[in-house]
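Q: Please take a close look at one strand of this model and the strands it pairs with. Then work outward to the rest of the chain.

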Amino acid sequence: MSPEDYTYITKYLLDTTGLSLGENKEYLLEARLIPIAQSRGMNGIEDLVLSLRSQLDQSLKTEVMEAMTTNESSFFRDKRPFEEFKTSILPDLIAERKISKKLRIWCAACSNGQEPYSIVMSLRENFPELIDWNIQIVGTDLCTKALHRAEAGVYSQFEVQRGLPVQLLMKYFEQCEQGWKIKSDFDVGIQWKHLNLLEDFKHLGMFDIVFCRNVLIYFEPDLKKNILDRIRNQMNSSGVLLLGAAETVLGISDHYSKLPECQSAIYRVSGQKTQETQEVT
């Protein structure tokens with residue numbers, strides 16, 4: 001891969017997905033993009049870059065973007081955030097929303113769906129009083145293939161062994177040829193939507209809880225602030241934001257305050273909503 005092609009692709013990914021690769025990641029680009037080039041009868045990265053530059057093939061643009069996104073996830077990932085979701089976040093929100101009996105949760109960058117399904121199981125197992133509530137869970141991701149997998153709810157033996165307690169596996173899943181599938185009679189009520197966080201997401205509506213875990217680590221500081229500020233605009237009063245273990249709002253956005261009772265990266269919205277934040281294009 002030539003230095004010029006590397007520069008073009010890294011800038012292309014930064015502009016279209018927010019992914020900041022930095023330097024010396026040629027091996028990663030080649031591992032993920034050469035198979036795409038070969039499948040299309042191209043000679044290599046050089047031909048792929050020429051096609052991207054022409055902007056004539058939108059399907060190639062989508063394929064490159066999706067190939068470079070990291071769809072790493074697992075059920076009840078990191079455990080502690082889900083424990084604090086159960087013990088510190090939900091009890092207060094349930095008390096505050098007991099009149100409306102409505103709760104909206106957004107899983108941004110939901111990957112193959114393990115996080116939204118983990119949330120549903122947490123609600124079912126620990127809060128039977130929510131049985132007559134209007135609970136909406138929205139899972140969004142940039143990768144269409146990941147969303148299709150999430151909606152199908154089918155996981156390999158390896159995937160269900162990563163964080164999913166066996167009692168929940170037996171209760172909510174049934175065996176299938178590929179491994180395990182969410183039971184057909186389990187009404188999870190998750191809406192799956194394609195979304196690029198760089199684009200406008202006002203159409204998603206307002207939320208009480210937002211999971212945006214392990215995605216901002218790939219973005220540069222200005223883009224992190226832009227996304228965090230726009231997420232704030234989509235959150236109701238007393239709304240709660242959960243980030244990944246290596247992520248923080250400190251030094252990036254002033255519109256959140258750390259929940260002192262939580263050890264995880266969990267924040268409550270604070271202050272006034274931001275003025276309309278220009279979307280990144």
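A: Start with the pairing of β9 and β10. Strand β9, residues 256–258, runs antiparallel to β10, and three bridges join the two. One position fixes the register: Tyr256 stands opposite Val269 of β10. This is a predicted model.

Strand β10 has a second partner. Strand β8, residues 235–242, also pairs with β10 in the antiparallel sense, again over three bridges. Here Leu242 has Ile266 of β10 as its bridge partner.

Now the faces of β10, which spans residues 266–269. Ile266 and Arg268 sit on one side, Tyr267 and Val269 on the other. All four are buried, so both faces of the strand are covered. Val269, opposite Tyr256 in the pairing, is thus one of the buried residues.

A further sheet is built from three strands. Its order is β3-β5-β4, it is open, and the pairing is antiparallel. The edges are β3 (154–155) and β4 (173–176); each has a single partner strand, so one side of each has no neighbour in the sheet. Strand β4 is joined to β5, residues 179–182, by four bridges, and the two run antiparallel. Across that pairing, Gln175 faces Trp180 in β5.

Next, the helix at the start of the chain. Helix α1 covers residues 3–17, 15 residues in total. At 1.5 Å a residue the expected span is 21 Å, and the end C-alpha atoms are indeed 21 Å apart, so the two values agree. Buried residues in α1 include Tyr6, Ile9, Leu13 and Thr17. Asp5, Tyr8, Thr10, Tyr12 and Thr16 are buried too. The buried residues of α1 pack against three helices: α2 (26–39), α3 (45–54) and α4 (58–68). After α1 comes Gly18, with a positive phi near 85°.

The loop between α4 and α5 holds Ser74. Its relative accessibility is 10%, so Ser74 counts as buried. Beyond its neighbours within four places in sequence, Ser74 contacts Gln114 and Arg162.

Now the charged pairs. The count is 13 salt bridges. One of them joins the side chains of Lys86 and Glu83, at 3.5 Å from N to O. Both residues belong to helix α5, residues 80–96, and lie three residues apart, about one turn of the helix. Helix geometry fits this spacing: an α-helix has 3.6 residues a turn, so residues three or four places apart point the same way. Neither end of the pair is buried: Lys86 is partly exposed at 25% relative accessibility, and Glu83 is partly exposed at 43%.

Glu96 and Arg97 form another salt bridge, with their closest N and O atoms 3.3 Å apart. The two ends differ in exposure. Glu96 is partly exposed, at 42% relative accessible area, whereas Arg97 is buried, at 11%.

A third pair is Arg213 with Glu115, whose side chains meet at 3.3 Å, N to O. Arg213 lies in the loop between β7 and α10 (221–232), and Glu115 in helix α6 (residues 114–126), so this pair ties together parts 98 residues apart in sequence. Both Arg213 and Glu115 are buried. Salt bridges also link Arg40, Asp57 and Glu63 in a network.

The cysteines tell another story. The structure holds zero disulfides. The closest cysteine sulfur to that of Cys107 belongs to Cys110, 6.8 Å away, which is too far for a bond. A disulfide here requires sulfur atoms within 2.5 Å. Cys262 is in no disulfide either; its nearest cysteine sulfur, in Cys107, is 17 Å away. Both of these residues are buried: Cys107 has a relative accessible area of 0%, and Cys262 has 4%.

Last, confidence. The chain has a mean pLDDT of 90, and 96% of its residues reach 70 or more. Confidence is highest in strand β7, residues 207–211, at a mean of 97. It is lowest in α4, at a mean of 87. Helix α4 is also one of the three helices that the buried residues of α1 pack against.

Conventions:
Residues are numbered from 1 along each chain as its sequence is written. This is a predicted model: local features need pLDDT of at least 70, side-chain atom pairs count only at pLDDT 80 or more; totals for chains, interfaces and linings use all residues. Side-chain values use heavy atoms; hydrogens and water are left out. The expected span of a helix is 1.5 Å times one less than its number of residues. Buried means under 20% relative accessible area, exposed over 50%, partly exposed in between (1.4 Å probe, protein chains only). Contact means heavy atoms within 4.5 Å. Two strands pair if DSSP finds at least two bridges between them. pLDDT is the predictor's confidence in each residue, from 0 to 100. A salt bridge is a side-chain nitrogen of Lys or Arg within 4 Å of a carboxyl oxygen of Asp or Glu.
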